[in-house]
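Colleague: I'd like to learn how to read a model like this one feature at a time. Could you walk me through it?

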Amino acid sequence: MRKIILIGYMGVGKTTIAQLLAEKINWDWVDLDKLIETKAQLSIKEIFEQHGEIYFRKLEHELFKATVENDKTLIISTGGGTPCYANNHLLLNGEQVVSIYLKASIETIFERLKNEKSERPLVANHSEEELKEFIAKNLFDRSYFYIQATHKVEIDGKNPTEIVTDILALLN
Ligand code: S3P
């Protein structure tokens, strides 16, 4: 196994979990959003504002593919939309690849996102009432792609350490 890919909706903690998992198993870790920001020399918010979502998705696809297909041993935390565009989901179960869907309920996602919307262009302009409706619909649309992951871990009510313990149990 050379790649562990963490996927799931915005706010489920992909980045935090990737970092913690990397410490536990002593692997390197990369965050796809950070790679995109470095490549574009702009924040995710600025990329959406200045170039639009299609440009972002193109960059996301190119960097995701290149990262999954390189020879390094790596944990990759993705953006919430990564598996849902440009056939990226086809990279979730390749040879040497294990992917994990961090699955949260609408309620959990809502509680986490309502206080940290501003840096996330897809939800930044929604009021709290609209946000819940948006999450419900968007999660429904995206679930088809998320369930393509090799494994699923339910995260509701769990802290990061417990989630990493669940992931390690699946990897062994
Ligand atoms: C997105 C999620 C974000 C980021 C971008 C688009 C999405 O990542 O990639 O704002 O489409 O769900 P996080 O899941 O880390 O917030």
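Colleague: Let me start with Thr 67: is this residue buried or exposed?

Modeller: Happy to help, and keep in mind that this is a predicted model. The general idea is to compare the relative accessible area with a cut-off: buried means under 20%. Thr 67 has a relative accessible area of 8%, so this residue is buried.

Colleague: Where in the fold is Thr 67 found, and what does its side chain reach?

Modeller: Thr 67 belongs to helix α4, which spans residues 53-69. Its side chain reaches the backbone oxygen of Leu 63 at a distance of 2.5 Å.

Colleague: How should I read Ile 106, then, as a residue that is partly exposed or buried?

Modeller: The same kind of cut-off helps here: between 20% and 50% a residue counts as partly exposed. With a relative accessible area of 32%, Ile 106 is therefore partly exposed. Ile 106 lies in helix α5, residues 106-113. You can also set sequence beside space: Ile 106 and Met 10 are 96 residues apart in sequence, and their C-alpha atoms are 11 Å apart.

Colleague: Backbone angles next. Which value does phi take at Asn 87?

Modeller: When reading phi, look at the sign and at the residue type together. Asn 87 has a phi near 60°, a positive value in a residue other than glycine. Asn 87 sits in the loop between β3 (74-77) and β4 (97-103). Its relative accessible area is 49%, so Asn 87 is partly exposed.

Colleague: And what is phi at Gln 96?

Modeller: Phi is positive there too, about 70°, although Gln 96 is not a glycine. Gln 96 is likewise in the loop between β3 and β4. It counts as partly exposed because its relative accessibility is 38%.

Colleague: Now the ligand. How many residues surround it, and which are the closest?

Modeller: Begin with the shell, then go to individual atoms. The ligand is surrounded by 13 residues, and the closest are Lys 14, Asp 33, Arg 57, Arg 120 and Arg 142. Sorted by class, that shell has five nonpolar, three polar and five charged residues.

Colleague: Which distances should I look at for polar side-chain atoms of Lys 14, Arg 57 and Arg 142?

Modeller: Look at the distances to oxygen atoms of the ligand. A polar side-chain atom of Lys 14 is 2.8 Å from one; for Arg 57 the distance is 2.7 Å, and for Arg 142 it is 2.7 Å. Taken alone, the ligand exposes 390 Å², of which the protein buries 94%.

Colleague: Where does the ligand sit?

Modeller: In the largest pocket.

Methods
Residues are numbered from 1 along each chain as its sequence is written. This is a predicted model: local features need pLDDT of at least 70, side-chain atom pairs count only at pLDDT 80 or more; totals for chains, interfaces and linings use all residues. Side-chain values use heavy atoms; hydrogens and water are left out. A residue is near a molecule or strand if one of its heavy atoms lies within 4 Å of it. A polar contact is a pair of N or O atoms within 3.5 Å; within protein, one must be able to donate a hydrogen and the other to accept it, and residues adjacent in sequence count only if both atoms are side-chain atoms. Accessible areas come from the Shrake-Rupley method with a 1.4 Å probe; for residues, only the protein chains shown count as cover. On a 1 Å grid over the protein atoms alone, a cavity is a set of points where a 1.4 Å probe fits but cannot get out, and a pocket is an open set with protein on both sides within 12 Å along at least five of seven lines; lining residues have an atom within 4 Å of a point. A molecule sits in a cavity or pocket if more than half of its atoms lie within 2 Å of its grid points. Ala, Val, Leu, Ile, Met, Phe, Trp, Tyr, Cys and Pro count as nonpolar, Asp, Glu, Lys and Arg as charged, and the others, Gly among them, as polar. Helices (H or I, at least four residues) and strands (E, at least two) are DSSP runs, numbered from the N terminus. Buried means under 20% relative accessible area, exposed over 50%, partly exposed in between (1.4 Å probe, protein chains only).
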